[in-house]
Every structure is written in structure tokens, then in C-alpha cells.
Amino acid sequence: MRILLCGVAAVALSGCSWMGFGNSQSSHTYGNNTYSQKANNNGCCVGGKTLSRWNIESGLGADFATGGNAITGNQAPIGFLNPTTTLQDVSNSDAYAVGYRAELGGSYAVNPNRKVSLTGHYAQADGNEVTWGTQDTATLRGTMSDYKSYGLEAGIRQYATPARIPLLKSVRPYVEAKLGAAHIDAIRLENINEVGGLVNPGTPTSLAMYESSWVPTAAGLIGIETPIFNRFTMGVETGIRYAGVPKSDNSDKAAGTFNARYNGANNGGTRWSVPLTIRGRYRF
């Protein structure tokens, strides 16, 4: 994760802001790059005026879990008590359906090419039914409770030079690095059942997995924006997101009890995901 964020933050691109630049043609230097654009005595601009500093931003999109384990069955004791129980790892991509993420926040233009942002979010992904082990000759099945989180992230966004493409007046690529924190709701393994073989009455029907916890978050994002109206742009972005490890909940697995065999199955929780977000930005 450190290498990813350092790589994103180290990208140094320069460019001017979105909209028109006046009436006459001349060459201007912004940051480290020189562009030939329509001249404007006020420098970089929005709609012929000075640079817009403050922005309101929002986003909505899908969130695809790609890494980390929801269940760490290989860390649980093997053959503990009778009948013999063997658990297996279950990845987040198997444990959760494609989720969604909604964002709302603001940004401030430090210069025509760079913005700092502060964004709140809410995210949710429905839990799937998964196979998480065997007990004697039976297969253990269960359903993860939904993954729900909310939090706040601060970011820095670096824009490249606007470019023209077919059907759009201009598009502007950018990269962004974010750091923050998120609160993850408690997670349980529910509706546990055995498929085939001898059903053991000691098998639990629900197990606590992770407590409600605050975890660190980070993201490395790339995207493009295009102007829709004079002060409104829309764009699409993707990248990689990271959410840290929530606290394991062993309240259902006290030492010496039948359920103690499941200790170690909840030592995961790290979540890597790939977002696909539609964004909107209004410039004041």
C-alpha cells in the first residue's frame, strides 16, 4: 500500500483549468508546462473569469471487492474436539456481492492544476452464502452479514493537460491519493448450516466475526473530467481502495466451549476493492 500511494502522490503533472481563455491566441505558462491557449489577462479561468477555488463534489458508483479474507479458516485449530472440523479461507470477493459507494464533499484549488479534497462516504455490500469448511462428512455453509461503512477521507488531486476527443469538447485526466478513516459495522456469519453427512447439534447457527471498528483507509485513483455546463463538470474514476483490519469479535468463542474450535477464523477483515465511480463537481 505504501508503494502504491507514494507512486500516485509522486506523479507531477501540470495543466490549466477547464474553460475558455479569452479572445486572442498566445502562449501561457502554468506550473512547469507551457500551453498555447486564448489569452486572458486574469490567467487561468472559468468562463472567462479568474480561477474558481472552491468546489462541491459528489460521486456514486460500484465497489468491487478484490482482495483480503473475510474468513481465515486456515488459522483455526484443526481437528479440535469431536467431530473433526476443518475450516477454510473465504475471500472478500466470494463473501460479498458487488457493493455501492456514495460520496459527498468539497475541494479547494491550490493552483490551476492541483486540488485538495475532503470527502465523506457511505458504502455497503450484501453478504453472500459461502462454504467455509467441513465437519465430519458435512459441508459447512453460512451467510456473511452485510458490509457497511462510513467515513471521511482527505486527498490531493493532480490534473494533466486538457485534451480534445471525439464527441466531447475536452477531457482532463487526473490522479488522486487519499487517506482517511472508516467505521465498519459489526459483521457476523449467519444462517450456518451443514450440507450432507451427519448434522451435529453442536454446530452454531450464527457466529460473531468482527466488532464495530474504526479502521484506516487509503486510495489511489485515476479519472477524467469533462465540462457539462459553465461551472459543472462530470467524470468517471477508478483505482484501488484499502480498508484496514476491524477488531476480531470472540464473544461467541470463549476458551473451553464447543465454539472455541472456530477461534482464528476471524483474523482477517482487510479489504481491497476497485471502485467505478461517476463524479460531479460544481465550481463556485
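Glu 57, Ser 58, Gly 59, Glu 103, Ser 117, Thr 119, Arg 157, Glu 176, Lys 178 and Arg 279 line the second largest cavity of this structure. The model is a predicted one. The elements that each supply two or more of these lining residues are strand 5 (54-67), strand 10 and strand 15 (168-184). Strand 5 gives the largest share, 3 residues. The lining of this second largest cavity holds no nonpolar residues; 4 are polar and 6 are charged. The space inside comes to about 70 Å³.

How many cavities of 30 Å³ or more does a search of the whole structure find? The count is 3.

The largest cavity encloses about 190 Å³. Its lining is made of 19 residues. Nearest the centre lie Asp 63, Arg 101, Ser 149, Ala 243 and Arg 271. Six strands appear in the list of elements giving two or more residues to this lining: strand 9 (99-111), strand 10 (114-125), strand 13 (147-159), strand 18 (213-227), strand 19 (232-243) and strand 20 (271-283). Strand 10 contributes 4 residues, the largest share. By class, the lining of the largest cavity has 8 nonpolar, 6 polar and 5 charged residues.

The two cavities are set out below.

| Cavity | Volume | Largest share of lining | Lining classes |
|---|---|---|---|
| Largest cavity | about 190 Å³ | strand 10, 4 residues | 8 nonpolar, 6 polar, 5 charged residues |
| Second largest cavity | about 70 Å³ | strand 5, 3 residues | no nonpolar, 4 polar, 6 charged residues |

Strand 10 gives two or more residues to the lining of the largest cavity and also to that of the second largest.

Key:
Residues are numbered from 1 along each chain as its sequence is written. This is a predicted model: local features need pLDDT of at least 70, side-chain atom pairs count only at pLDDT 80 or more; totals for chains, interfaces and linings use all residues. Side-chain values use heavy atoms; hydrogens and water are left out. On a 1 Å grid over the protein atoms alone, a cavity is a set of points where a 1.4 Å probe fits but cannot get out, and a pocket is an open set with protein on both sides within 12 Å along at least five of seven lines; lining residues have an atom within 4 Å of a point. Grid points are joined across faces, edges and corners, and a volume is the space filled by probe spheres set on the points. Ala, Val, Leu, Ile, Met, Phe, Trp, Tyr, Cys and Pro count as nonpolar, Asp, Glu, Lys and Arg as charged, and the others, Gly among them, as polar.
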